[in-house]
Structure formats: structure tokens, C-alpha cells
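Colleague: I've got a structure open and I'd like to learn how to read it. Can you walk me through it, feature by feature?

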Amino acid sequence: MERRVVFPGWLFPALLLAPQLTVTFVFFFWPAGQAIRQSLQRSDAFGLSTRFVGLENFAVVLADPFYLASVEVTLIFSLAVAFLALAAGLLLAVMADRVVRGTAFYKAVLLPYAVAPAVAGVLWLFLFNPSVGIVAAALRRAGVDWNYLLNGRQALLLVILAAAWKQVSYNFLFFLAGLQAIPKTLVEAAALDGAGAHRRFWGIVFPPLAPTSFFLLVVNIVYAFFDTFGIIHNVTQGGPARATEILVYKVWYDGVVGLDLGGSAAQSAILMAIVIALTALQFRFIERRVHYA
Amino acid sequence: MVSSGKSAWVAHAVLLLGLAVVLFPVYVAFVASSLPLADILDAPMTLFPGPDLVANYRNALARGTAGTNAQPVAAMMLSSLVMALAIAIGKIAISLPSAYAVVFFRFPLRRLCFWAIFVTLMLPVEVRIIPTYKIAADLGLIDTYPGLVLPLIASATATLLFRQFFLTIPDELVEAAKIDGAGPWRFLVHMVIPLSRTNIAALFVILFIYGWNQYLWPLLVTNSPAMTTIIIGIRQMIGNGDAQTEWHLVMATALLALLPPIAVVLAAQRWFVKGLIEPEK
């Protein structure tokens, strides 16, 4: 889409663009280029010399059993977070659409959106901490041997819960907006025709929500991939025994703690490819929505 | 459709349960922030607020904890506030002019400029963390606010939002301005910026929360206690296990970390929801 009527000249728009272009080049293109260059190089242990090694870093990363385990953890983590947060958001939106008139509920459900992932991690850590957590105490009384510091599955479950909790508000908002756009007369007509609640939902309410759901699925997966570093770092530090080491955490750990710049850069480059693919998916959706909605 | 009878009961029950799950972690943190540490360590702690609410918050704000070398939380909140405001204002200040330039002018390389900005949408700073750190270090930006803020405003989201909005401004308005002899600067200041008020407010809310909640980048680029943001401070308070975590102060700090973004969301709920849900219209 373009405007028909525009102003003449090039100097003024160039000046307007200069600040953003400068920031973008210095802090985006330069480091992104460096990441790709580093991913093709290897430094010696003291950082004194670097040499070009082609795709060797990628070969090493992709053959590393720890990296492959991290891919698996990331997939389980992000799919579980997306599924839980979407299901809870949809359920609450459907129920709220049925009965709520006031806005107090609405405001309360927005709360987790404002919470930093790192803080969400601390809140859930406090509930489930084996020595002081009250949920941990309740679980032990119910006969569950709860200690996420030792048990990898429990640790993964805990970070999934914390990450999903934070994302429910966002999904709720989008689902509720989608539901409120569906004409109520349509649903009432179906009810008069004898369609049960189940049938009304999947036959009439859900189809118009499908594009929103797909959009949210991508957003939730991107969130689980990249915005949950604070949760992992605060709650489990990737442990125990790497059970919660998602890819973003591993990039940071290998680069900052392990000082393996080439390997970390190769992992960054792989992550970039994943983000680009996910963003492309998202944009196909947005374009379609603009055309048909 | 407003339901009645059994279905309304089910809906209310589900909503109450959902609300309980959403609010429970925050409520428990609030209770913990009102108790003496001994009551928390004597697990399981009570679910009723205790007597130390004011004392705990005063201690946290003024003295911090041993884990943060007694850096007061009030100072951390100030660092967070500076960072969040700089990110929100900085991003709007560079995005609005650049969107105006690509929408209201035709000049060589215009498409290239737009795409150069647009591709940044794809890559969050988390993905290019090490090279960005190296560049910040080369430029002497470690432990400075520009170092903290600039890499985080190199993104296209705000530019795209403004561009979409500018495309909806009627051509007649531009023609009228030209006939009245208004140049592009006056049109920007007297027409486009006032028309964008709602979008600016919505973006401000979203960017303020984004900035306030940053974690990975501040973790890397700041070392000095004077630059510690509250989100990083909480991490330092939980520590690494050699000292007893002062949970009552940690939870007070966690709630202090929640307050500003929640206040902003509630104060600007209308714009915020609009900005979140309709950015592509």
C-alpha cells in the first residue's frame, strides 16, 4: 500500500530516518553479521588467533548430544507452554464472554502480562521450593516426593507452569476480542435449532477463532523460545542435569560461562533461522487477515 | 448471549477458579512480604498476612539484602525506571520520524531503508547476545545507560505500527496542508503527531513494560551495583545457596517490581488493549 500524495525532497526524510538507521546498523546488522562470521571461525583457548573453519562449528553443534537434548527440551517446553497457555486463555475467554459484564475480572486476569518473566519465575519458585514452598509442602503431605532441584521432570514441569501462567493474559485478551466479534444472534439461532453447547462451540464459535488461534500459537512458541530465559535462569539454571536447558539458555551459557564463542555463535545462527521461519509464518497469517477480514 | 441457570454457574465457577490460579502466586508473595523470616522458614507458612508488612518494605527499599551487598531496592527501582522510560521514549522518538519518512516521501533507496528496519523485527536481542555484547564493549558502553538502552530500541515493531497508522491518514488532509503552504515539518508537528496520540500512548505502555521487564541484556551489560535494575536485583537476592535467602525481603522486592508495570497497565488499559490487539490495522 502506498500514498498518492507525498511531499517532495530527500534531505528531510533522510534526516528523519538517520537515527533509526544508525541504531539499526550499529546494534543489529553489525552484531548479526559478527554472529554469522564467528560461527564460521574458531579461536584458540586464549583468544589470540582465529581461523576460518567453514561449517565445522555447525557440524560440532549438531553432533553434540547435549545440543540435541537441548533441542528436545526446547520443543517439549515450548509446545507444553503454548498448549497450556492457549487452552487456559481460551477457556477463560469463553466463560468470560458468557457472563462477565464488569471489568474487575478482566483487569485481574491482565495482571500476569505485566509481570516480568524473571519475576514470574521467582513467584513460582517460592511456591514450589522444597524447603519453604507451600505448594511443595502440600504435595509432600499428599505423598508426592517433590524436589525439583533433584528431579528433572519436576523441574521442567515447574518452568512450564511459570511460563504458561505469564502468557495466559495475552491469549485471553485476543480470544475474548475474537469471541466478542462473533454475532451473538448466530449462537442463539443455533441454540434454538437445538445445537448443544459442545456443537455450538466447535461448529460456530471456534471456526472464526481459528486464525487468531494460529497467530497466537506462533506468538506463544516465539515467547517460549526466547522470552523465558529469565524464568530458567532464576528457577533451575538449566538443571538438574540439563533437564531444563532450553536453546536460548544454552547459547548464553556456552558463550558467557563456557566462553565457546564459535559454538555459541553457530547456535545463534541456528536460532536466527528458526525465528525467521516463525516470523515468516506469522506474516503470512497477518497478510491473509488483512486481505479477508 | 447471556446465559442463565446451570451454564452461568459453570461459567462463574470456572472463572473464579481461573482467577484463583492467576492471583495465587501473587497473593502468596504478598503474604510472605508481611511475615518475619522465621515464619516463612517454619514451613508451611500461613496464608494470612502478618505484622511486618511496613517494616519489610521499608527494609527492602532502604537497605536491600545481604545478597545484593545491601544495595537499596529504591535505587534499583530508579535504575529500572530510567531504563524503561529511555526505552519507551527512545523507541518512539526514533520510530515515529522514520515511519513518517517512508510513508510521506518518495526518495531513492526508500524501499531499502524500510526493509533494513523491517528485518530487525525478526531477531530479538537474545539471539545475537554475544556479538552485541562485544560491540557494546568496543564502544565503551558497558555499565552505561546508552549501552543498556540502545540495543533494545533497535527493533521495527514501533515503526511498523506507525507506518500502518500513517497509511490511513486521508490524502485530502495532505493536499489541504500543501495548499495552505504547510511543509512536511509543520504537517508532522501540527497534524500527524496530534493524530497519533492514541497510538503513541498504546506503544508507550507496551514499551514501558517491555523495558522494565528486561532481564538477559541488563544481566550482561551491567556490573556495577549502581546500575542494577530491580529485576536483576531479585536474582542476586536469591543468591547461590551459601547464605540464607531472605525470602520476606525477596517477596517484598518482587511485589515492588510488579507495581510500576501493573500501574501503567491499569491506568492505560484502554489504549494498551487497543495497541496490543490491533497493531496491524
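Colleague: How many ångströms separate the centres of domain 1 and domain 2 of chain A?

Modeller: Keep in mind that this is a predicted model. Taken over C-alpha atoms, the centres of domain 1 and domain 2 of chain A are 31 Å apart. Domain 1 covers 11–52 and domain 2 covers 56–292.

Colleague: And how many residues of each domain are in contact?

Modeller: On the domain 1 side of chain A there are 7, and they meet 9 residues of domain 2 of chain A. Two elements, α1 and β1 (41–43) of chain A, each give two or more residues to that domain 1 side. The largest share, 4 residues, comes from α1(A). Sorted by class, the domain 1 side has 2 nonpolar, 4 polar and 1 charged residues.

Colleague: Now the two chains. How many residues of chain A are in contact with chain B?

Modeller: People have a usual way of putting a number on this: the size of an interface is often given as the accessible area lost when the parts come together. Here we count residues instead: 84 of chain A are in contact with 85 of chain B. Helix α1 (residues 11–39) of chain A gives the largest share of chain A's side, 18 residues. That side divides into 66 nonpolar, 12 polar and 6 charged residues.

Colleague: Then let's stay with that helix. At what angle do α1(A) and α6(B) cross?

Modeller: Roughly 120 degrees, with the axes of α1(A) and helix α6 (residues 129–138) of chain B coming within 8 Å. Angles of 65 to 115 count as roughly perpendicular and those over 145 as roughly antiparallel, so α1(A) is oblique to α6(B). The crossing of the two is right-handed.

Colleague: Which residues make that contact?

Modeller: From α1(A), look for Val26(A), Phe27(A), Trp30(A), Pro31(A), Gln34(A), Ala35(A) and Gln38(A). From α6(B), they are Pro131(B), Thr132(B), Lys134(B) and Ile135(B). By class, this contact has 7 nonpolar, 3 polar and 1 charged residues.

Colleague: What about backbone angles? Which phi value does Gln237(A) have?

Modeller: Gln237(A) has a positive phi of about 50 degrees, although it is not a glycine. Find Gln237(A) in the loop between α10 (229–235) and α11 (247–257) of chain A. Arg242(A) is in the loop between α10 and α11 of chain A too, and its phi is near 65 degrees, again positive in a residue other than glycine.

Colleague: Why does Gln237(A) count as partly exposed?

Modeller: You count C-beta neighbours: 20 or more within 10 Å means buried, 12 or fewer means exposed. Gln237(A) has 14 inside 10 Å, so it counts as partly exposed. Arg242(A), with 16 other C-beta atoms within 10 Å, is partly exposed as well. Trp202(A) is exposed, because just 11 other C-beta atoms lie within 10 Å. You'll find Trp202(A) in helix α9 (residues 197–226) of chain A.

Colleague: And what share of chain A is buried?

Modeller: Of its 293 residues, 44% count as buried.

Colleague: Last one, the overall picture. How many helices and strands are in chain A?

Modeller: Chain A has 12 helices and 2 strands. Along its principal axes, the C-alpha trace of chain A spans about 75 × 75 × 30 Å. Among contacts in chain A between residues at least 6 apart in sequence, 69% join residues at least 24 apart.

How values were computed: Residues numbered from 1 in each chain as written. Chains lettered and ligands numbered in written order. Predicted model: local features only at pLDDT ≥ 70, side-chain atom pairs only at ≥ 80, totals over all residues. Contact = placed C-beta atoms within 7 Å. Nonpolar A, V, L, I, M, F, W, Y, C, P; charged D, E, K, R; others polar. Domains from an automatic or database assignment. Axes fitted to C-alpha atoms, helices over the stretch in contact; angles between N-to-C directions. Parallel < 35°, antiparallel > 145°, perpendicular 65-115°, else oblique. Left-handed = near helix turned anticlockwise from the far one by under 90°.
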